[in-house]
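Subject: Handover of a structure and the findings on it

Dear colleague,

Please find below the structure that I am handing over to you. A description of what was found in it follows.

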Amino acid sequence: MRLGSIEGGGTKFVCGIGNEEGEIVERISFPTTTPMETLDRVVEFFKDKGVQAIGFGSFGPVDVNKQSDTYGSVMKTPKPNWSNYQVVGHIKCSLNVPIGFDTDVNAAALGEAAWGAARGLDSCLYITVGTGIGAGAVAEGKLIHGLVHPEMGHILVRRHPDDHYSGHCPFHRDCLEGLAAGPAIEARWSRQGNELDENHPAWEMESYYIAQALMNYILILSPKKVVLGGGVMGQKQLFPLIREQVSQLLHGYVQHSALSSDIDDYIVPPGLGSNAGLCGGLALAKQAFEE
């Protein structure tokens, strides 16, 4: 089976060709500009590739309700010109193949469940910590949707005692994204995260916020694996700090070895590395073809 994948980000789009085993054989990336220009480049890439279905994981918020009149659209977003744009419709006008559509983080969660760190499990949580914070969840083998798609990056967390930064989120100021996404780190410390020493106090503060979020997600969703990706999580020193603080916060309340002796194998980086989103698109394409 020849499948197409689109990882649509606010900064760049990545398109790839692969198969139902999650193997990517060709890819291209280009900057995200206007919807028309960007999606025309997507169509141009796929038009002669003979794909049988395409999976599209998009930056959001997006409408993923197939019964909705605006299904396949990017909803209100600060990205200029993209609000209410019918991205799936644009592609379907030129490519007559099934298109699976979801958020970028849901796609990554599906990819990690199919071929990555959560392979063989029917439940996982994928969180990206980068320019923003978002999360996708698989439960009983299916992506979680509801009234809209989950927006786990905007939960409220307790403020660190030494943190006097007001918060970056334009909607909530000091939600998780407002305090822990990449722009918050840069604004708080006047340097980008990759310019800070691995022993800088920024990382203890960052782990404090991420660990609170994980405690909430673990208690509510009880995922069988937690996968942490995104640019900020490239700071590998965060993983032991986060695991330690999650253990302290849970304080033995959830009785399972995954959260005690095996926590190093429970809270992990993506098994697919930077391919989590693109492989997730292949998984969405496979689902769309089978439907």
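How are α6 and α7 set relative to each other: roughly parallel, roughly perpendicular or oblique? The model is a predicted one, and in it the axes of α6 (residues 201–221) and α7 (residues 238–250) come within 8 Å and cross at roughly 50 degrees. An angle of 65 to 115 degrees would count as roughly perpendicular and one under 35 degrees as roughly parallel; α6 and α7 are therefore oblique to each other. The crossing in which α6 passes α7 is right-handed. On the α6 side, the residues that meet α7 include W203, Y208, L214 and L219; on the α7 side, L238, I242, V246 and L250 are among those that meet α6. The residues of this contact comprise 14 nonpolar, three polar and two charged.

Helix α6 also meets a second helix, α5 (residues 182–189). The axes of α5 and α6 come within 12 Å, with a crossing angle of roughly 140 degrees. This makes α5 oblique to α6. The crossing of α5 and α6 is right-handed. From α5, the residues I185, R188 and W189 take part, and they meet P201, A202, W203, M205, E206 and Y209 in α6. Seven nonpolar residues, no polar ones and two charged ones make up this contact. W203 appears in the contact with α5 and also in the contact with α7.

I turn next to the sheet on which α6 lies. Five strands make up this open sheet, in the order β8-β7-β6-β9-β10, and the pairing is mixed. β8 (142–143) and β10 (267–268) are at the edges; each has a single partner strand, so one side of each is left without a neighbour in the sheet. Strand β6 (residues 124–129) runs antiparallel to β7 (residues 133–139), and six bridges join the two. A hairpin of three residues leads from β6 to β7. Two pairs of residues illustrate the pairing: V129 has I133 as its bridge partner in β7, and Y126 stands opposite G136. On its other side, β6 is joined to β9 by four bridges, and these two strands run parallel. T128 has G229 in β9 as its bridge partner. Is β6 buried or exposed? Five of its six residues are buried, so β6 is largely enclosed by the rest of the structure.

Two helices lie across strands of this sheet. Helix α6 lies across β6, β7, β9 and β10, at about 155 degrees to β6. Helix α3 (residues 104–115) lies across β6, β7, β8 and β9 (226–229), at about 45 degrees to β7.

Another open sheet of five strands has the order β3-β2-β1-β4-β5, again with mixed pairing. At its edges stand β3 (24–31) and β5, each with a single partner strand, so one side of each has no neighbour in the sheet. From one strand to the next, the twist averages 15 degrees. β2 (residues 12–18) and β3 pair in the antiparallel sense over seven bridges, and I17 stands opposite E26 in β3. Helix α1 (residues 35–46) packs on the sheet and touches β1, β2, β3 and β4; its direction makes about 15 degrees with that of β2. Helix α3 lies across β4 and β5 as well, running at about 110 degrees to β5.

Strand β4 has parallel partners in this sheet. Six bridges join β4 to β1 (residues 3–8), with I54 as the bridge partner of G4. Five bridges join β4 to β5 (residues 99–103), where F101 is the bridge partner of F56. Six of the six residues of β4 are buried, so this strand is largely enclosed by the rest of the structure. Both faces are covered: A53, G55 and G57 are buried on one side, and I54, F56 and S58 are buried on the other.

Finally, G60 is found in the loop between β4 (53–58) and α2 (87–92). G60 is partly exposed, with a relative accessible area of 33%. In sequence G60 and K76 are 16 residues apart, while in space their C-alpha atoms are 8.3 Å apart.

With kind regards

Methods:
Residues are numbered from 1 along each chain as its sequence is written. This is a predicted model: local features need pLDDT of at least 70, side-chain atom pairs count only at pLDDT 80 or more; totals for chains, interfaces and linings use all residues. Side-chain values use heavy atoms; hydrogens and water are left out. Two strands pair if DSSP finds at least two bridges between them. Contact means heavy atoms within 4.5 Å. Axes are lines fitted to C-alpha atoms, for helices over the stretch in contact, and angles run from 0 to 180 degrees between N-to-C directions. Angles under 35 degrees count as roughly parallel, over 145 as roughly antiparallel, 65 to 115 as roughly perpendicular and the rest as oblique. A crossing is left-handed if the near helix is turned anticlockwise from the far one by less than a right angle, and right-handed if clockwise. Ala, Val, Leu, Ile, Met, Phe, Trp, Tyr, Cys and Pro count as nonpolar, Asp, Glu, Lys and Arg as charged, and the others, Gly among them, as polar. Buried means under 20% relative accessible area, exposed over 50%, partly exposed in between (1.4 Å probe, protein chains only).
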